[in-house]
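Me: I am new to protein structures and would like a close look at one loop residue. Please start there, and then walk me onward through the rest in one connected story.

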Amino acid sequence: KVLEQHRIVAGGVPADTLNDMRAALEECSEKQAEVLLDWAASGTRLELVPLWDEEEMVAIQCFALQSNEVMTRQLEQTLNRLPVGIWLAKPNGEIYWVNEANPGYSPETASGAAFDSAAWVDRVHPDDLVACATSFSKAAVKGKVDPFEFRMCVVDGDYRWFYCDGGPIVNDDGTVDRWAGIALDIHDRKDVDERHRREVSDLIAAAQAEAVQSAKTQAELNQVQKMELLGHLAGGVAHDFNNLLFVIQLNADQILRSAADNKIKEFAHQIQRDVSRARRTASELMTFSGRQPKAPHTY
């Protein structure tokens with residue numbers, strides 16, 4: 001009858017379960033005292049109680065009870081084996097239970113039932129308290145938790161990054177009975193992201209420095225090209241100027257040889273002096289253009 005009531009086919013009961021039942025019956029018979037047997041697989045508790053008749057045990061009564069305590073313990077053991085942090089909160093957002101899967105998220109005490117909400121808040125990084133409080137406040141209004149990241153002081157005293165998300169468990173009337181969520185340790189991912197960010201920042205800085213150096217080099221190259229162009233121009237002008245001066249010098253010499261008037265000769269001498277000065281200017285232009293070395297002279 002016990003098996004049928006719990007929808008367990010008698011022929012399909014595992015041998016170890018039947019052996020446990022036989023052992024419990026034998027223990028109850030031998031001790032003539034109540035014996036309790038928990039069925040871990042179904043969360044059922046069997047209570048074997050002796051039935052007396054004038055100080056003689058005439059039978060054993062078997063009570064099959066669905067044990068909330070067993071179910072709760074099994075669920076808690078299961079949650080504590082998960083590789084992620086699990087949390088439960090009251091409708092007002094106050095966290096009252098966390099599992100032991102993540103040593104950075106669970107309290108130092110082994111039992112999540114002894115979790116101290118105030119201690120949990122004290123371990124949150126001061127810069128992230130507003131984010132945590134804001135998220136739970138919004139959740140109470142919106143009916144869902146907006147995922148957020150925060151830092152918490154772990155058991156070794158260092159702060160680690162966590163990712164938090166969750167949702168409400170509602171009653172039949174739609175009111176929130178409690179909140180359930182997860183907290184994932186993402187510190188290593190954060191470290192990788194930060195390292196990549198620094199590498200990208202360094203690359204950008206190097207590229208910017210290279211761009212500045214390239215612009216400076218280009219400006220210097222433009223200046224050199226400009227000076228080379230001016231040099232070529234100055235050289236061409238000096239060459240043409242020297243040709244003109246040569247013609248002027250020939251004409252002045254011709255005047256000196258053929259003129260009888262002293263005043264005209266004086267004009268010719270002045271032209272020669274001016275031509276000499278002009279040649280020095282032409283020589284300066286040639287030196288600037290790089291076509292000949294600059295020679296010392298006296299003005």
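Reply: Let's begin with Q32, which counts as partly exposed because its relative accessibility is 41%, a value between the 20% and 50% cut-offs. Keep in mind as we go that this is a predicted model. Q32 belongs to the loop that links α2 (15-31) to β1 (35-39). What makes Q32 worth a look is its backbone: phi is positive, at about 55°, although the residue is not a glycine. To see why that catches the eye, remember that most residues other than glycine have a negative phi.

Now follow the chain to E54, where there is again a positive phi of about 55° in a residue that is not a glycine. E54 also sits in a loop, this one between β2 (44-52) and β3 (57-66). Its relative accessibility is 74%, so E54 counts as exposed.

From loops we can move to a hollow. The largest pocket holds about 250 Å³ of space. Helix α3 (68-81) is one of the elements that give its lining at least two residues each, together with β4 (85-89), β5 (95-98) and β8 (176-185). The largest share, four residues, comes from α3. Among the lining residues you can find T72, L75, W97 and R178. By type, the lining has eight nonpolar residues, one polar and two charged.

Next, look for aromatic rings. Counting rings whose centres lie within 6.5 Å of each other as a pair, there are two aromatic pairs. In one of them, the ring centres of F148 and F150 are 5.7 Å apart with their planes at 40°, so this pair is tilted. Both F148 and F150 are buried, and together with F162 they form one aromatic cluster.

Another ring, that of W161, has company of a different kind: the charged end of K190 sits over it, 4.4 Å from the ring centre. K190 brings us to our last stop, helix α6, which covers residues 187-258. This helix has 72 residues and spans 105 Å from its first C-alpha to its last, close to the expected 106 Å. Its buried residues include H187, G231, A238, L245 and L256.

Methods. Residues are numbered from 1 along each chain as its sequence is written. This is a predicted model: local features need pLDDT of at least 70, side-chain atom pairs count only at pLDDT 80 or more; totals for chains, interfaces and linings use all residues. Side-chain values use heavy atoms; hydrogens and water are left out. Buried means under 20% relative accessible area, exposed over 50%, partly exposed in between (1.4 Å probe, protein chains only). On a 1 Å grid over the protein atoms alone, a cavity is a set of points where a 1.4 Å probe fits but cannot get out, and a pocket is an open set with protein on both sides within 12 Å along at least five of seven lines; lining residues have an atom within 4 Å of a point. Grid points are joined across faces, edges and corners, and a volume is the space filled by probe spheres set on the points. Ala, Val, Leu, Ile, Met, Phe, Trp, Tyr, Cys and Pro count as nonpolar, Asp, Glu, Lys and Arg as charged, and the others, Gly among them, as polar. The expected span of a helix is 1.5 Å times one less than its number of residues. Rings of Phe, Tyr and Trp (its six-membered ring) pair if their centres lie within 6.5 Å; planes under 30 degrees apart count as stacked, over 60 as edge-to-face and the rest as tilted. A charge sits over a ring if NZ of Lys or CZ of Arg is within 6 Å of the ring centre and within 35 degrees of the ring normal.
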